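This report walks through selected local features of the structure shown below, beginning with a bound ligand and moving on to a metal site and individual residues.

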Amino acid sequence: MAADGMHWDPVMETMDGEELRALQLKRLRGTLERCAGSPFYREWFKEAGFDPAAVFSLEDIRRLPFMDKDTLRGGDPTRFLTVPKDDVVRMHSSSGTTGQATVIFHTARDVEAWTELVARCMYMAGVRRSDVFQNMMGYGLFTGGLGFHYAAERIGAMVIPAGSGNSRRQIQLMRDFHTTAVHVIPSYALYLLEVFADVGLDPRGDTDLRIAFLGAEPHTESLRRRIEESYGVGAFNSYGLSEMCGPGVAFECPAKLGMHVWEDSFLVEVVDPGTLEPVAEGGEGELVFTSLNREGMPLLRYRTRDLSSIVEGTCPCGREHRRISRIKGRSDDMFIVKGVNIFPMQVEKVLLGVLGVGSNYQIVLDTVGAMDEMRVLVEVAGELWHGEVRELNRLRSRIMEELRQEVLVTPRVELVEPGSLPAGEGKAVRVLDEREHARED
Ligand code: AMP
Ligand code: ZN
């Protein structure tokens with residue numbers, strides 16, 4: 001791209017609203033035409049009585065049913081491809097387990113378009129060739145690793161592909177190679193502050209950090225400020241989901257008044273999760289995205305379950321791509337611990353498979369130190385509760401290990417007396433979120 005100092009992609013970033021809508025419609029029609037060539041979508045359109053050739057406005061897409069994680073789960077994921085299998089060069093999946101994960105395929109052109117989108121985001125926040133970018137996100141199936149990696153290289157920054165964890169080494173790398181920008185899960189950024197203190201260093205004075213990208217999990221404005229102040233950086237909210245590409249779907253500009261959705265690439269709708277009707281402009285609802293610039297596996301009206309709203313008015317930065325507010329929560333029961341998506345049903349499935357587990361359980365999320373902690377309280381079967389301690393310890397270790405394998409996060413397991421957990425007549429409160437970010441603003 002021919003960056004102009006302010007914009008990585010001046011053509012797309014300075015388009016006015018009207019031009020953007022026209023481009024969206026053109027790309028939407030192209031996407032629908034591509035979909036119509038695939039057996040899955042042909043059937044999908046037929047069942048909905050939808051004629052992809054009869055789309056003349058962006059609103060016409062509302063005649064299509066929504067897709068969601070359930071649509072994608074199960075069966076052969078290649079059925080969603082709109083290109084021959086050989087055109088696929090990469091797969092990713094949503095963070096979470098193999099059981100629940102959804103698989104997303106990319107062609108070379110998709111990887112290219114995605115790289116450009118994330119480069120656009122990073123450049124907008126101020127990353128340049130002279131920067132040293134340390135990516136502290138997990139590399140692998142999770143999109144936060146490679147997505148940012150390619151983009152930073154594209155800009156010409158030097159990338160340190162540190163990956164997640166290994167905190168003391170992260171700090172060492174920052175100091176040895178003068179890292180100026182990082183990509184980090186917000187809860188991990190907080191935790192790392194403690195490690196800085198342990199090794200007697202202050203990120204403000206003892207590093208060259210100036211930019212932090214915060215993504216992959218919900219966080220509050222006050223958490224952002226805390227990170228900005230304690231690290232001495234500008235922190236930018238980065239939103240994305242693997243189903244749309246990964247990071248690069250919506251991103252904060254320096255005005256930090258919401259995240260610009262890159263509308264040349266995604267069509268965003270905000271719907272009431274109950275009625276599935278569009279909310280009034282500016283109202284809160286669930287984000288629904290349609291990919292407009294994906295070749296391998298475009299998704300139409302994909303329900304994210306993420307709750308947000310369109311920020312009204314114009315952004316001082318001049319970009320007319322509409323903005324969404326910070327993610328306020330989820331319309332399903334998924335929760336995110338240390339950047340990993342978890343559903344209560346996964347915990348339940350594990351518990352049901354372990355002999356000695358009683359009839360009730362509860363998941364409690366806390367902030368301990370600065371880190372998320374997931375505790376699982378499990379009622380034990382009556383006979384075991386009154387039995388040997390050794391047996392109980394064995395049961396506890398077994399549950400912990402099986403949960404770790406299923407949800408990829410190591411929970412603390414506490415065995416409790418049968419009948420001691422709240423069991424009302426209504427819907428059980430399976431997840432108690434007592435974390436700081438859940439209680440703040
Ligand atoms: P994945 O597909 O595994 O990358 O997970 C995507 C999900 O992570 C989104 O649907 C959101 O629930 C969550 N997520 C990603 N980025 C953010 C963010 N900046 N703020 C809040 N939630 C986020
Ligand atoms: Zn802006």
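## The surroundings of ligand 1

In this predicted model, ligand 1 is surrounded by 19 residues, and the closest of them are Ser95, Asn237, Ser238, Ser242 and Asp306. Sorted by class, this shell consists of 8 nonpolar, 7 polar and 4 charged residues, and its largest share, amounting to 5 residues, is supplied by strand β7, which covers residues 234-241.

Several polar atoms of the protein can be paired with atoms of the ligand. A polar side-chain atom of Asp306 is placed 2.6 Å from an oxygen atom of ligand 1, while a polar backbone atom of Ser238 lies 2.7 Å from one of the ligand's nitrogen atoms. In the side chain of Arg330, an N or O atom is 3.3 Å from an oxygen atom of ligand 1. Taken alone, ligand 1 exposes 500 Å², and the protein buries 95% of that area.

## The zinc site

The zinc ion (ligand 2) is coordinated by three cysteines and one histidine, namely Cys253, Cys315 and Cys317 through their SG atoms and His260 through NE2, at distances of 2.1 to 2.2 Å. The arrangement is tetrahedral because the 4 donor atoms subtend angles of 103 to 117° around the zinc ion, and every one of these angles falls between the limits of 85 and 135 degrees that the assignment requires. For comparison, the ideal angle for four tetrahedral donors at a metal is 109.5 degrees.

Along the chain, the donor residues of the zinc ion follow the spacing C-x6-H-x54-C-x1-C. Of these donors, Cys315 and Cys317 are both buried.

## Buried residues in strands and a loop

Asp264 is located in the loop that runs between β9 (259-261) and β10, and this residue counts as buried because its relative accessibility is 2%, where the cut-off is under 20%. The side chain of Asp264 is joined to that of Ser265 by a polar contact of 3.2 Å.

Val270 belongs to strand β10 and, with a relative accessibility of 9%, also counts as buried. Its C-alpha atom is separated by 4.8 Å from that of Leu287, although the two residues are 17 residues apart along the chain.

Ser308 has its place in strand β12, which spans residues 302-311, and is buried, its relative accessible area being 0%. Between the C-alpha atoms of Ser308 and Gly329 the distance in space is 7.7 Å, for a separation of 21 residues in sequence.

## Positive phi angles in two loops

Two leucines deserve a separate note for their backbone angles. Leu276, which is found in the loop between β10 (266-271) and β11 (284-291), has a phi near 65°, a positive value in a residue other than glycine. With a relative accessibility of 25%, Leu276 counts as partly exposed, since that class lies between the limits of 20% and 50%.

Leu408 likewise has a positive phi, here near 70°, and is again a residue other than glycine. Its position is in the loop that connects α13 (389-407) with β19 (412-416).

Methods. Residues are numbered from 1 along each chain as its sequence is written. Chains are lettered from A and ligands numbered from 1 in the order in which they are written. This is a predicted model: local features need pLDDT of at least 70, side-chain atom pairs count only at pLDDT 80 or more; totals for chains, interfaces and linings use all residues. Side-chain values use heavy atoms; hydrogens and water are left out. Helices (H or I, at least four residues) and strands (E, at least two) are DSSP runs, numbered from the N terminus. Buried means under 20% relative accessible area, exposed over 50%, partly exposed in between (1.4 Å probe, protein chains only). Donors are N, O and S atoms within 2.8 Å of the metal (3.2 Å for Na, K and Ca); water is not among the atoms, so sites may look incomplete. Four donors count as tetrahedral if all angles lie between 85 and 135 degrees; four count as square planar and six as octahedral if opposite donors are over 155 degrees apart and all others between 65 and 115; anything else is irregular. A residue is near a molecule or strand if one of its heavy atoms lies within 4 Å of it. A polar contact is a pair of N or O atoms within 3.5 Å; within protein, one must be able to donate a hydrogen and the other to accept it, and residues adjacent in sequence count only if both atoms are side-chain atoms. Accessible areas come from the Shrake-Rupley method with a 1.4 Å probe; for residues, only the protein chains shown count as cover. Ala, Val, Leu, Ile, Met, Phe, Trp, Tyr, Cys and Pro count as nonpolar, Asp, Glu, Lys and Arg as charged, and the others, Gly among them, as polar.
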